[in-house]
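Subject: Structure for your review

Dear colleague,

I am passing on the structure we spoke about, and my notes follow below it. Please read them with the sequence and the coordinates open beside you.

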Amino acid sequence: MGLRPNLLTRRTVGVASTTLALLLSTAAVGVVPAASAFSAAPAEVCAEPADVHSDARIKKGGVAKHDPNELTAAQVREREADLVAALRERANFRAGTGATTLATVSIPVVVHVIQRDGTRAGGNIPDSLITSQISVLNQAYGGATGGAATAFGFQLTKINRVTNPSWYPIVQGSSAERQMKTSLREGGKNTLNVYLGELSDNLLGWATFPKRKLDSMDGVVVLSESLPGGTATNYNQGDTGTHEVGHWLNLYHTFQGGCSGSGDSVSDTPAEASPAFQCPTGRDTCATAGLDPITNFMDYTYDSCMYQFTAGQASRMLTAWNAYRAA
Ligand SMILES: [Zn+2]
């Protein structure tokens, strides 16, 4: 596409996380048995609409069965009201404890590799793809690819390889997905659990949005061959991981809400009527100011096309971190 020169070097810049202070206690990071990691086991799958907290990225032409990608206006209003309430709750908590708001955050990452068997086709990807994915996350969230620098850095703490044909492929919204996550999820609210494998319905990945009360579904699911160097043509530079982690940190799609209203609740991402695919330079689907943000990580374009978060998205993610995931 020749979109911009630094696309050529984006994968070779150094890992930006080294400049981030490690402010979170590593004592809280370790391996916690799944059963004790949560205040209560999720009693009922349908306690609240699952779709509100789930979001998928799809390939062009892919159709998600339940299409959890776009929230309704009512769901967005509900989530925004909850964010305000969570912030108020946290402010009161901090006033009582003297705790401060975090400005930089190092996120521990536990990667679960779900395999059918020991072959590459069966999900057995090498460790090198995983460490490359962590580097891509650090570059993207550090602003090293051309976007705004965010507060976040990522530290790989564990690779957990699991051979279980009944979890392969990972089927979005299935009881098998719930069973897998309930068995495997580790750590507290601040721990990013990544599940890698073959996925259902042509999906590239999906993620949960943050909630005030941690549950075992929390985390991101990513097509293993979308990792940097994988075989997913046009989607193998690791930006599915970047996109899904954006949802985990409370970002909506840039096309959320279309051309009207508050859109994605971020003021510096121009409104966009619908998802953009491939790399449609110059696309402009709304009468409001600005071209469509096709280079934003929260759109659906090719990995080679997307390279940035905005300052507004960085701010929204940090606010949400302090509301939902900070210790
Ligand atoms: Zn998405």
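At what angle do α2 and α4 pack, and how far apart are their axes? In this model, which is a predicted one, the two helices pack at about 60 degrees, with their axes 9 Å apart. Angles from 65 to 115 degrees count as roughly perpendicular and those under 35 degrees as roughly parallel, and α2 and α4 are therefore oblique to each other. The crossing in which α2 passes α4 is right-handed. On the α2 side the contact involves Gln133, Val136, Leu137, Ala140 and Tyr141, which meet Asp239, Gly241, Thr242, Val245 and Gly246 of α4. By class, the residues of this contact divide into five nonpolar, four polar and one charged.

A second helix pair is α1 (residues 73–97) and α5 (residues 311–325), whose axes come within 8 Å and cross at roughly 60 degrees. These two helices are therefore also oblique to each other, but α1 passes α5 in a left-handed crossing. From α1 the contact draws on Arg79, Glu80, Asp82, Leu83, Ala86, Leu87, Arg90 and Arg94, and from α5 on Arg316, Thr319, Ala320, Asn322, Ala323 and Tyr324. Six of the residues in the contact of α1 with α5 are nonpolar, two are polar and six are charged.

I then turned to internal space. The structure holds two cavities of 30 Å³ or more, and the largest contains about 90 Å³ of space. Its lining consists of 13 residues, of which Val111, Gln133, Leu137, Val194 and Leu196 are the closest to its centre. Two or more lining residues come from each of β2 (105–115), α2 (127–142), β4 (192–197), β6 (220–223) and α4 (239–248), and α2 gives the most, with four residues. Gln133 and Leu137 thus appear both in the contact of α2 with α4 and among the residues closest to the centre of the largest cavity. The lining of this cavity has eleven nonpolar residues, two polar and no charged.

The second largest cavity, with a volume of about 50 Å³, is lined by Lys189, Pro210, Lys211, Lys213, Leu214, Asp215, Asp218 and Arg325. Here the division by class is two nonpolar, no polar and six charged residues, whereas the lining of the largest cavity includes no charged residue.

With best regards

Conventions. Residues are numbered from 1 along each chain as its sequence is written. This is a predicted model: local features need pLDDT of at least 70, side-chain atom pairs count only at pLDDT 80 or more; totals for chains, interfaces and linings use all residues. Side-chain values use heavy atoms; hydrogens and water are left out. Axes are lines fitted to C-alpha atoms, for helices over the stretch in contact, and angles run from 0 to 180 degrees between N-to-C directions. Angles under 35 degrees count as roughly parallel, over 145 as roughly antiparallel, 65 to 115 as roughly perpendicular and the rest as oblique. A crossing is left-handed if the near helix is turned anticlockwise from the far one by less than a right angle, and right-handed if clockwise. Contact means heavy atoms within 4.5 Å. Ala, Val, Leu, Ile, Met, Phe, Trp, Tyr, Cys and Pro count as nonpolar, Asp, Glu, Lys and Arg as charged, and the others, Gly among them, as polar. On a 1 Å grid over the protein atoms alone, a cavity is a set of points where a 1.4 Å probe fits but cannot get out, and a pocket is an open set with protein on both sides within 12 Å along at least five of seven lines; lining residues have an atom within 4 Å of a point. Grid points are joined across faces, edges and corners, and a volume is the space filled by probe spheres set on the points.
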